[in-house]
Amino acid sequence: KTWHRSINREDKHKRQYQLQPIEEKESFKWLKAASQSKQVLSGVRSITVVADRESDIYEFFCLAQQHNIDLVLRSKSDRMLSNNQPMLSFLDSLPVMHHYDLAVLGDIRKGISKRTAQLQVKWSEITIKKPLKNRDRNISSGVKLYVVETKEEAAKGICWRLLTTHP
């Protein structure tokens with residue numbers, strides 16, 4: 001199934017997007033797709049949804065936990081952890097656990113030259129807290145995940161942060 005925005009839709013400020021229930025938000029497509037996948041693939045041992053930053057939605061983590069669906073997605077938000085520490089501060093406090101080199105092809109359009117990037121990798125189990133703006137009383141107050149950060153040693157380099165349910 002394909003998805004598209006309505007042409008005549010008001011902007012998120014007029015719609016009071018932050019106050020809308022998840023079912024009325026554009027991002028609900030991620031939850032719906034995961035639920036439909038679980039139904040269609042009911043005979044398989046496991047399902048892993050791989051997604052980009054727009055799927056970094058607290059309700060998505062809760063749905064995955066409830067329906068035994070695994071997730072691997074790029075992080076968009078600096079989530080608050082159960083110890084009341086922001087995730088990015090927590091990542092900064094972790095030691096580098098692995099180094100590796102990555103050949104970067106470059107991109108003329110963005111002015112990125114071909115190079116070898118020296119990457120540092122960190123990872124940890126975390127528990128993210130339910131966002132304060134989330135008023136849904138039927139979802140968990142915290143979700144256990146794993147965070148993986150791969151960051152180039154050079155300033156303004158590559159930085160990927162993944163959240164996953166896979167240990």
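The protein has 3 helices and 6 strands. This is a predicted model, so read every value as computed from predicted coordinates. From the N terminus on, the order of elements is α-β-α-β-α-β-β-β-β.

Some totals next. The protein has 167 residues, and 34% of them are buried. The exposed area is about 11500 Å², with carbon and sulfur atoms supplying 50% of it. Taking the contacts with a separation of 6 or more, 50% are between residues 24 or more positions apart.

Now the sheet. In what order do the strands stand? The open sheet of 6 strands reads β1-β2-β6-β5-β4-β3, and its pairing is mixed. At the edges stand β1 and β3, the latter covering 98–104; each has a single partner strand, so one side of each lacks a neighbour in the sheet. On average, neighbouring strands are turned by 25° against each other, direction ignored. As a reminder, strands of a sheet pair through backbone hydrogen bonds, either parallel or antiparallel. For the edge strand β3, the partner is β4, the two run antiparallel, and 7 bridges join them. Within β4, Q118 is the residue that stands opposite D101.

On to α2. Which strands does α2 lie across? They are β1, β2, β4, β5 and β6, the last of these being 159–164. Relative to β5, α2 runs at about 120°. Is α2 enclosed or not? Of its 10 residues, 7 are buried, so the helix is largely enclosed by the rest of the structure. Those buried residues are Y58, E59, F60, F61, C62, L63 and A64. They follow one another along the chain, so a note on helix geometry is useful here. An α-helix has 3.6 residues a turn, so residues three or four places apart point the same way.

That brings me to the core. The largest nonpolar core holds 25 residues, and the members touching the most others are F61, I126, I128 and L163. At least two residues each come from β1 (48–51), α2 (58–67), β2 (70–74), α3 (87–93), β4 (115–129) and β5 (142–152). The largest share belongs to α2, which gives 6 residues.

What does L163 touch? Leaving aside residues up to four places away in sequence, L163 touches D56, F61, L71, V72, L73, S75, M87, I126, L145, Y146 and V147. Two residues in that list, F61 and I126, are also among the core members that touch the most others.

Last, the loops. S55 sits in the loop between β1 and α2. Is S55 buried or exposed? Its relative accessibility is 0%, so S55 counts as buried. A polar atom of the S55 side chain lies 2.7 Å from the backbone oxygen of D52.

On the other side of α2 comes N68, in the loop between α2 and β2. N68 is exposed, since its relative accessible area is 57%. The backbone deserves a look too. Most residues other than glycine have a negative phi. Phi of N68, however, is positive, near 55°. N84 also has a positive phi, near 65°. The position of N84 is in the loop between β2 and α3.

That is what I have for today.

Note on methods:
Residues numbered from 1 in each chain as written. Predicted model: local features only at pLDDT ≥ 70, side-chain atom pairs only at ≥ 80, totals over all residues. Heavy atoms only, no water. Core = buried A, V, L, I, M, F, W, Y, C linked by side-chain atoms within 4.5 Å. Buried < 20%, exposed > 50% of the residue type's maximum accessible area, 1.4 Å probe, protein only. Helix = DSSP H or I, 4+ residues; strand = E, 2+ residues; numbered from the N terminus. Contact = heavy atoms within 4.5 Å. Pairing = 2+ DSSP bridges. Axes fitted to C-alpha atoms, helices over the stretch in contact; angles between N-to-C directions. Areas by Shrake-Rupley, 256 points an atom, 1.4 Å probe, with all protein chains shown as cover. Polar contact = N/O pair within 3.5 Å; in protein donor to acceptor, adjacent residues only side chain to side chain.
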